[in-house]
Amino acid sequence: MPISFDSERKIFKLDAGDTSYAFMIEKHNYLSHLYYGPELSTMDLEYLYRPTVRGFAPYPEGMQPEASRDVTAQEYSAFGTGDYRTPGFIIRDLKGYTATDPHYVSHKIYAGKPGKPGLPATFGKEAETQTLEILLRDEFSGVEFTLYYSVFEGENIIARSVKVANCGSEKVYIEKVSSCTLDFWDGDLEFLHLWGSHCRERWVEREKLIHGVQSVGSMRGLSSHQHNPFFALAEPGTDETHGRIYGAALLYSGNFLIEVEKDQFELVRTQIGINPENFEWELAPGAEFHAPEVILTVSDKGLRGMSHNFHNGIRNHLIRSWWKDRKRPILVNNWEGTYFNFNAEKLLNIARDAAALGIEMLVLDDGWFGHRNDDSNSLGDWFVFEEKLPGGLNNLVKEINKLGLKFGLWFEPEMISKDSELYRKHPDWVLEIPGRTRSLGRWQMVLDMSRDEVVDYLFDSICAILDSANIEYIKWDANRHLTEVASAVMPPERQKEVSHRYVLGMYRLHERLLERYPKLLIEGCSGGGGRFDAGMLYYVPQIWTSDDSDAIERLKIQYGTSLVYPCSTMGAHVSDCPNHQTARSTPFETRGIVALSGTFGYELDLNKMTQEERDLIKKQVADYHKYNHIVANGDLYRLTDPFTEPRYTVWMQVTKDKSEFLLSYVQSRMIPHGPLYSVRLDGLDPARRYRNSETGEEFSGEALMKAGFMLPHLFTDGTGAIYHFQAV
Ligand code: GLA
């Protein structure tokens, strides 16, 4: 059984794949964390609980000093009753009291995995998942906490979450609720997280822990380009293939906070959850609040092991789109090709070229609605701009379908322009503080997604468009962050609920659309990869990784993203050169190599392609069809790190059965008369021989892994190569 309870020792052990997680109900009825790491076969683990009598460590009257919660590793840390480290939660009652001291009451273990009302959640069949629910109760206030732990058979993943229930007779206010506390007895760890900016998402940063709290998060209303709701703690010396590393990814797309604290005794406390800044939730007697889920993993095989665990867990138990295991259509998006400057004729011309080149879908980006010829207007007016597209979408889509192409469309549902019919009709649907100057972003404002009527309006208007023509894909964008977060319909004392209610409203709209159009392919987006998080992947199987489409910049962006998120989720396109973000020119082949590592497509004006480029597109399209199953379902092996090796980047994708692999190589910086690079491959079967599909050369798997593969000597910056090998 993946979840066991030793009733004598009062120890819980969760076996997830080849990892184990253990904690105990100690004698004062607190939950004390014991272990997370490689699988343990024994329950003989009480010795890992090390209560110690320390000065200045308060304990409840009537108990012994070692009952202090300040000196041990906890499962869900309380506030105001002696644990001075960052709390898992803060609950305020009507008298203004905030101290809480929950104790273990009961637990149950059952087959399957419950969902989270209104929130993303991992899932699994009853036969492959098991869940442990633990009930904790604070007698004084009557507040109860249910801790959920779900384990998936064969996956090194544990999903945790928390429900808070007010079982008292008076209202309480949740000031903070973390999705999980994860404590470590040993503090010699390094903090790894992903940071960035618009056009530079998910760069990797790794720091030693300081004594005190290190935190990252978002206050922007969306998970953001700036920080990702993921962190890892690595033992010193951990690299791509060796060393122990713990990872946590939050299934949430709004304000989040990650706190890592090394305390006075070198214990490490971590919290991950909704950002408590400007958050508060009123909980009436009888009401419940669900905190978002978090997925945890641990690996003794370095960053790669952690990434493989996340990739498998996300692919198998989080993405639920109809498209999850299906090959995504190769698309051409007109944004960087035409920007706002298009009409039906232009789109058809692109579609004709697309069809001739084997591209499978045309995506019409921004500018098809209201009277939008630039970004100053029309958001919210989700009806066709007839001047550009006379007769609506139906005629255009029919023509495009006749060419054998699918059709996709861009929306930015959560936004509103001042110059829009929607704003003129419903000025109070905007997030704003009446009387205070608004902050604009790209000229636009944000809709109050916490309101049902706003979600209803968006649902109806998006459905009207989707029903008007054969639209098989949408790109769901969000091009600014939230400010003046206030709702016209919330009472003053509940305004701090709005940011979270916004996220719930955005999820609700996704849910309703997916219910009505289960086969619709939705690509997430927020000014590129500003909402690339595990929460979104419950609703969309792919996300536009970055507005920076420069192949060399993408090496870092896609590398950082791949620490957590599988290649099948990363939107990646071949775009024009000089690149519109960096002005760099990179060979067409290299742009293809980088884009083939994600969900593949083009973002340029196909009508302007030279014959040479057209030939290359045909080759890339063919490569996609031949090799995408390896990228989408295989294992990723990062052979070099673009953050530490500026000269070249190499990675592989290997099928699970090790019978085929792709090897991709990009030389970012050419060194005149430089060395010949050779890289040791990985993930192969040493006993098999592999044949290069293009040249027919054969190599032993063992030699490729032990002696390495010789990379070709390339002469210019930005050149690259891609190889396919098949076991013979
Ligand atoms: C965002 C997206 C782009 C494009 C534009 C359109 O920046 O990331 O891909 O859709 O909006 O305005």
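In strand 38, His-724 is the bridge partner of Leu-662. The structure is a predicted model, in which local features need pLDDT of at least 70 and side-chain atom pairs count only at pLDDT 80 or more, whereas totals for chains, interfaces and linings use all residues. Residues are numbered from 1 along each chain as its sequence is written, and side-chain values use heavy atoms, with hydrogens and water left out.

The bridge between Leu-662 and His-724 belongs to the pairing of strand 33 (residues 660-667) with strand 38 (residues 719-727), which is antiparallel and extends over eight bridges. Helices (H or I, at least four residues) and strands (E, at least two) are DSSP runs, numbered from the N terminus, and two strands pair if DSSP finds at least two bridges between them. Strands of a sheet pair through backbone hydrogen bonds, either parallel or antiparallel. Strands 33 and 38 are part of an open sheet of six strands, with antiparallel pairing and the order 31-32-33-38-35-36. Strand 31 (635-638) and strand 36 (698-700) stand at the edges with a single partner strand each, so one side of each is left without a neighbour in the sheet. On average, neighbouring strands of this sheet are turned by 25° against each other, direction ignored; axes are lines fitted to C-alpha atoms, for helices over the stretch in contact, and angles run from 0 to 180 degrees between N-to-C directions. Helix 8 (residues 551-562) lies across strand 31, strand 32 (648-654) and strand 33, and runs at about 120° to strand 31. Contact here means heavy atoms within 4.5 Å.

A further open sheet has four strands in the order 1-2-3-4, again with antiparallel pairing. Its edge strands, strand 1 (3-6) and strand 4 (31-38), each pair on one side only. Neighbouring strands of this sheet are turned by 15° against each other on average, direction ignored. Strand 3 (residues 19-25) and strand 4 run antiparallel and are joined by seven bridges; the partner of Tyr-21 in strand 4 is Tyr-36.

The ligand is surrounded by 13 residues, the closest being Asp-365, Asp-366, Lys-475, Gly-528 and Asp-547; a residue is near a molecule if one of its heavy atoms lies within 4 Å of it. This shell divides into four nonpolar, three polar and six charged residues. Ala, Val, Leu, Ile, Met, Phe, Trp, Tyr, Cys and Pro count as nonpolar, Asp, Glu, Lys and Arg as charged, and the others, Gly among them, as polar. An N or O atom in the side chain of Lys-475 is 2.7 Å from an oxygen atom of the ligand. For Arg-442, a polar side-chain atom lies 2.8 Å from a ligand oxygen atom. The protein covers 96% of the 300 Å² of accessible area that the ligand has on its own, as given by the Shrake-Rupley method with a 1.4 Å probe.

Definitions and conventions. Polar contact = N/O pair within 3.5 Å; in protein donor to acceptor, adjacent residues only side chain to side chain.
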